[in-house]
Number of protein chains: 4
Amino acid sequence: MAGNSFGDLFRITTFGESHGAAIGVILDGCPSNIVIDEAFIQSELDKRRPGQSKITTQRKESDTAQLLSGVFEGKSTGTPIAILIPNEDQRSKDYSHISNKFRPSHADYTYQMKYGIRDYRGGGRSSARETAARVAAGAIAKLFLKQHGIEIFAHVSGVGTIESPNLDYTDLSDLLDLREANIVRCADPATATEMVSFIDSIRKAGDTVGGRISTVIRNLPVGLGEPVFDKLHADLAKAMMGINAVHGFEYGSGFEGSKHIGSEHNDIFSKEGDKTVTRTNYSGGIQGGISNGMDVTFRVAFKPVATIMRDQPTLNEAGEETVISGKGRHDPCVVPRAVIIVEAMAALVIADHLLKHNAYLNVRK
Amino acid sequence: MAGNSFGDLFRITTFGESHGAAIGVILDGCPSNIVIDEAFIQSELDKRRPGQSKITTQRKESDTAQLLSGVFEGKSTGTPIAILIPNEDQRSKDYSHISNKFRPSHADYTYQMKYGIRDYRGGGRSSARETAARVAAGAIAKLFLKQHGIEIFAHVSGVGTIESPNLDYTDLSDLLDLREANIVRCADPATATEMVSFIDSIRKAGDTVGGRISTVIRNLPVGLGEPVFDKLHADLAKAMMGINAVHGFEYGSGFEGSKHIGSEHNDIFSKEGDKTVTRTNYSGGIQGGISNGMDVTFRVAFKPVATIMRDQPTLNEAGEETVISGKGRHDPCVVPRAVIIVEAMAALVIADHLLKHNAYLNVRK
Amino acid sequence: MAGNSFGDLFRITTFGESHGAAIGVILDGCPSNIVIDEAFIQSELDKRRPGQSKITTQRKESDTAQLLSGVFEGKSTGTPIAILIPNEDQRSKDYSHISNKFRPSHADYTYQMKYGIRDYRGGGRSSARETAARVAAGAIAKLFLKQHGIEIFAHVSGVGTIESPNLDYTDLSDLLDLREANIVRCADPATATEMVSFIDSIRKAGDTVGGRISTVIRNLPVGLGEPVFDKLHADLAKAMMGINAVHGFEYGSGFEGSKHIGSEHNDIFSKEGDKTVTRTNYSGGIQGGISNGMDVTFRVAFKPVATIMRDQPTLNEAGEETVISGKGRHDPCVVPRAVIIVEAMAALVIADHLLKHNAYLNVRK
Amino acid sequence: MAGNSFGDLFRITTFGESHGAAIGVILDGCPSNIVIDEAFIQSELDKRRPGQSKITTQRKESDTAQLLSGVFEGKSTGTPIAILIPNEDQRSKDYSHISNKFRPSHADYTYQMKYGIRDYRGGGRSSARETAARVAAGAIAKLFLKQHGIEIFAHVSGVGTIESPNLDYTDLSDLLDLREANIVRCADPATATEMVSFIDSIRKAGDTVGGRISTVIRNLPVGLGEPVFDKLHADLAKAMMGINAVHGFEYGSGFEGSKHIGSEHNDIFSKEGDKTVTRTNYSGGIQGGISNGMDVTFRVAFKPVATIMRDQPTLNEAGEETVISGKGRHDPCVVPRAVIIVEAMAALVIADHLLKHNAYLNVRK
């Protein structure tokens with residue numbers, strides 16, 4: 001209700017500000033007896049971590065996850081799992097210049113007006129630093145889903161006007177290797193090179209740029225999703241729109257599909273051995289809000305980062321015109337690091353819906 | 001949790017199947033002492049009603065709302081408002097041919113697999129008929145929001161590849177008049193003519209087409225939205241993605257904005273008299289997930305209707321190949337009727353967030 | 001949130017006022033493929049119905065349940081089940097004398113102050129008439145639980161200072177027969193006779209009296225209950241305290257147990273064949289908030305009905321002193337009819353927790 | 001849903017096991033600009049802390065609260081407040097003897113069966129140590145309520161068969177002084193002396209005893225509580241029943257009131273200056289589930305502590321009979337420390353309902 005929890009049965013609640021003592025998360029509803037692979041959690045955090053490459057922010061954070069509860073002898077116990085990630089490299093003085101100014105297209109103004117107070121340091125709670133907590137919890141969701149054979153793969157499919165060609169999704173682990181082989185996390189090597197070069201030029205110009213992330217979820221059982229409001233794609237949309245800087249979500253044929261005619265767009269059912277499949281997948285693996293066993297596919301759009309290394313006119317808290325300079329350490333483009341956040345939130349949605357569906361699985365005949 | 005409720009404080013729960021006795025809704029959490037204008041509720045339902053024009057389904061339903069509770073001497077009492085809408089023109093026998101076949105790109109297969117049983121008549125619960133209940137509740141949300149000066153306006157901005165030019169949003173009631181002057185509900189008259197003609201040709205070809213709806217919400221107070229997960233746009237996204245046939249959502253600059261660079265995209269604050277405004281509105285009236293007082297703008301993409309008046313190959317429940325014919329009464333394009341559903345869901349989101357914000361308004365200093 | 005829903009996965013939302021058009025309920029989250037025995041639902045409603053005997057209110061209501069949705073060919077479909085119960089014998093004019101007076105120990109004053117408006121007829125929403133909706137939904141919960149062998153039995157164990165001796169709980173269906181053989185619903189025949197006679201004398205004196213109901217739930221699987229807040233007994237307590245006129249709840253050894261010393265009170269584990277049991281059951285079948293497989297036992301206290309057939313001083317809406325007379329048709333003691341409400345709410349709690357537990361059953365190893 | 005959260009708008013989620021690294025809580029939905037008095041939080045924790053006196057457990061914990069987020073320059077910011085309480089004096093080896101045995105009337109058996117794994121050290125999650133997190137969050141709730149003039153006072157009104165006489169509730173701060181003047185936290189000095197002596201004798205006998213706590217909440221506005229399910233007393237009941245060892249709850253006249261007749265039990269309204277009051281308060285300050293402005297009163301029953309310093313027969317995980325010895329450091333009676341837990345949970349319930357009511361306060365006319 002107060003907005004810092006996500007999920008119903010597999011539920012996270014996050015806390016923490018960019019420049020406070022720590023950020024963290026409580027995961028409530030994780031099934032018991034899941035092997036909690038701390039090295040995997042850390043490797044996921046490392047992919048989101050600042051300071052990875054020349055095209056990410058230079059803030060130095062080890063983002064070391066401390067598991068405080070809910071795990072006993074390496075396994076989940078079914079009780080809440082609390083994870084703490086201390087903040088290390090805050091440099092709060094970088095922000096004294098904005099303590100009473102509203103940065104354009106940031107949340108400074110709305111937080112101040114809504115709450116009548118704000119921790120201005122690094123954007124406080126509105127900073128994307130909070131998403132590290134989501135990644136840590138998402139890593140546990142992935143460990144749970146892996147037991148069920150479910151895979152999630154996201155990559156950067158667009159930066160500015162650069163678009164990746166459609167990928168061959170046959171082997172997701174091959175794609176993962178390709179993605180991790182470059183710093184922009186696009187699984188198409190040629191496009192990746194182009195993107196890196198473009199982001200670097202944008203960075204040098206003190207500017208920023210937006211981008212797009214495409215995701216595929218594989219091996220879902222048929223039946224996830226709770227119509228009419230908690231459709232699987234509706235919850236995926238909410239999860240993605242809750243990530244900082246996201247301005248758009250589409251699944252399956254998406255916006256482009258709204259230009260189609262029905263006779264082209266319908267996905268015809270057929271049999272592939274024992275399995276019911278569709279010949280095309282404009283439905284993005286979801287029909288009537290429920291997974292149909294095909295790949296679930298969606299795409300997310302991120303606006304350009306609002307902090308640019310330039311002077312911009314703005315207002316201060318007194319409502320007077322002033323000028324704000326670009327300072328601090330920021331990403332010229334969020335999508336390379338956001339890939340792992342998108343995967344984490346997708347994993348959390350799927351874990352939650354898997355449990356919901358499972359609640360009825362033994363009692364529905 | 002089970003998926004048929006939406007909202008927290010201003011909360012609806014809907015029920016009913018396409019060919020059952022009735023559909024309806026309970027609205028729990030409506031503030032007391034709202035004048036419940038039944039004629040207005042009915043007029044909203046009339047805009048969503050089937051059989052309005054040659055480009056909508058010919059099913060005949062009066063969609064008469066019966067208020068069963070929660071209203072006393074014309075005003076809301078603060079107790080649950082139940083609204084019943086009897087089904088009248090079911091013609092269930094139109095559906096006997098699909099009782100054991102899965103219509104392509106419909107929810108027949110996923111409902112059957114999820115629940116092990118389905119009311120196949122007219123798609124049962126997965127039918128868009130259920131949205132009449134949302135419109136009735138949304139009408140009450142609008143009555144509540146009107147007290148606070150909040151206006152919501154949606155119109156059809158795209159059908160197939162036809163796109164409406166950008167509107168001048170100065171006067172929303174003028175636009176409403178323009179929209180209601182044509183059967184496709186596009187507020188640009190020339191585009192509307194083109195759309196109607198195109199949809200009619202598609203209908204005659206036994207085919208269907210997708211479309212897009214654009215929405216503006218005006219006069220929101222600053223402060224609606226509950227980060228980090230229940231951001232205003234995240235809840236709008238979930239609400240819209242929960243409408244039948246929706247495949248995409250974007251707010252503010254949306255997908256197009258993800259191609260921009262930051263120095264172009266930032267919305268610069270300035271003063272307009274006493275009011276803080278932004279010179280541009282790429283943020284779509286929402287920053288950090290919280291309304292900033294500017295117009296909230298978003299766009300929704302609808303896939304083409306899955307039922308076409310043609311033979312299509314498919315599978316039956318036994319997994320055998322078969323052919324399904326197009327029968328029944330269906331819309332060639334959903335967007336003309338969906339405009340009012342989009343407005344209703346938007347009104348429900350805003351009403352809920354207004355109450356949430358209000359919960360803290362007297363206690364935050 | 002707005003208070004008219006109960007349960008998470010197996011969730012009801014009720015609506016309706018004592019003298020409105022109808023009362024009713026939506027049950028969301030009922031598993032599919034449950035045989036919905038309408039005759040059983042009606043028989044449950046008949047046990048709660050007014051006008052059953054000389055010791056209940058003489059209001060005449062057939063309390064006929066109409067199933068509007070969620071059932072297809074006699075079985076639940078997994079979609080919301082809406083049940084409507086029309087009001088028939090309202091006699092609202094009986095209440096014109098209280099339209100601007102606050103009846104002592106009723107909800108007139110608090111509703112008026114909270115909402116600024118109230119439907120004064122028969123107490124409006126605060127009337128126990130609303131509980132018929134709970135009984136209808138509870139009947140479906142019982143049908144679901146019966147599939148799992150779970151039995152629920154409640155009876156009147158106290159009226160005024162009259163206390164039933166402890167029952168032999170070996171055979172619950174025998175006890176049910178004994179209970180239904182008398183109009184006060186106490187399963188001990190001698191006590192029942194005494195209670196009926198006492199209530200009748202109280203009724204003739206124009207007065208009312210309180211009472212107590214004892215309940216046993218049998219054949220629960222081990223594992224129901226979600227610590228640390230949603231303990232099984234905590235949710236039972238909330239369910240019971242939400243019934244009109246209830247002032248107390250205790251489970252297992254209850255208030256009496258708080259006078260014990262630990263060495264007497266501990267329940268020693270032992271084996272009964274393959275089954276783990278406890279030699280005593282002071283724990284009331286729940287340890288650490290989780291069912292342990294023994295009988296779950298609890299007791300509920302009801303205050304005397306507030307409407308008495310006598311003149312009482314009170315205030316009117318203007319705050320002036322006035323006198324209110326006892327009119328209308330009321331129960332001299334609620335417990336004979338409340339037995340079935342207690343069972344219904346218990347069934348709803350257990351159904352909800354059974355689904356919650358089941359959500360993890362296949363994934364916990 | 002997973003059971004470790006309480007409240008809707010003012011919502012806590014706790015984590016931690018008795019012998020893990022730490023316990024803690026996230027409080028989401030605390031209004032902004034509340035002065036967060038850390039010394040007060042600590043003083044509340046000190047009242048619940050182990051090792052206070054000869055009649056409490058001798059485990060040594062400083063229970064130092066660390067505020068990790070949500071507070072800026074001494075005030076709440078409206079974002080989640082995370083509080084960490086490290087565990088210091090675990091002595092887990094005290095528990096090796098129970099690693100595969102089920103202690104009688106503890107949660108060992110049910111946790112093992114429900115989750116298939118358990119942290120046996122000190123009872124793990126089922127330990128009352130977790131309630132320190134509730135006390136920390138409850139302290140913040142009290143700071144919030146104090147701004148609104150709302151006071152909460154609890155004391156030990158019964159230990160074993162010893163009962164405190166009814167208190168004169170005129171001055172709650174006087175009573176607080178009386179309560180804190182003795183180690184059993186009973187505000188009647190003579191009874192306190194008797195209780196202390198009795199508990200000490202019980203302790204020396206290696207045994208334990210149950211008790212009762214009575215609470216009064218003063219200066220509530222009229223209107224808190226959300227019928228029909230989220231009645232104020234229903235949420236108080238759930239909150240109290242969720243505290244370890246609680247077996248009973250009653251409010252107002254409680255179980256005793258169920259023996260009354262209506263003409264004695266009704267609370268007659270009258271005017272005290274401008275204020276509407278009732279001459280008696282059998283209603284316990286709540287009518288129809290809504291606060292009426294009078295003192296809210298309730299009583300809670302605690303069973304005797306299950307750990308006794310004696311040998312008891314029991315079963316091990318293999319289902320074999322065995323003997324368990326009483327070891328570890330435990331309270332002979334929980335009520336002296338539970339007083340502050342009861343107050344904390346009451347404060348959390350009231351804070352939540354105050355916000356809920358406030359959500360409608362400006363919009364209801």
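**View 1. Chain D laid over chain A.** Turn by 180 degrees, with 0.0 Å of shift along the axis, and chain D superposes on chain A with an RMSD of 0.0 Å (a least-squares fit on the C-alpha atoms of residues with pLDDT of at least 70 in both copies). The two copies are thus related as by a two-fold rotation axis. Both copies use the same surface, since 100% of the contact residues of chain D recur in chain A; residues are in contact if their C-beta atoms, placed from the backbone, lie within 7 Å. This is a predicted model, in which local features need pLDDT of at least 70, side-chain atom pairs need 80 or more, and totals for chains, interfaces and linings use all residues. Residues are numbered from 1 along each chain as its sequence is written, while chains are lettered from A and ligands numbered from 1 in the order written.

**View 2. Inside chain A.** Here you can find nine helices and 18 strands (DSSP runs of H or I with at least four residues, and of E with at least two, numbered from the N terminus). Of the 365 residues in chain A, 66% are buried, having 20 or more other C-beta atoms within 10 Å of their own, with C-beta atoms placed from the backbone. The C-alpha atoms of chain A fill a box of roughly 65 × 50 × 35 Å along the principal axes.

**View 3. Where chains C and D meet.** Each side has its share: 92 residues come from chain C and 92 residues from chain D. Strand E11 (residues 246-251) of chain C pairs with strand E11 (residues 246-251) of chain D, antiparallel and over three bridges; pairing requires at least two DSSP bridges. Look for C:Gly248, which stands opposite D:Glu250.

Technical notes
Contact = placed C-beta atoms within 7 Å. Buried ≥ 20, exposed ≤ 12 C-beta atoms within 10 Å, placed from the backbone.
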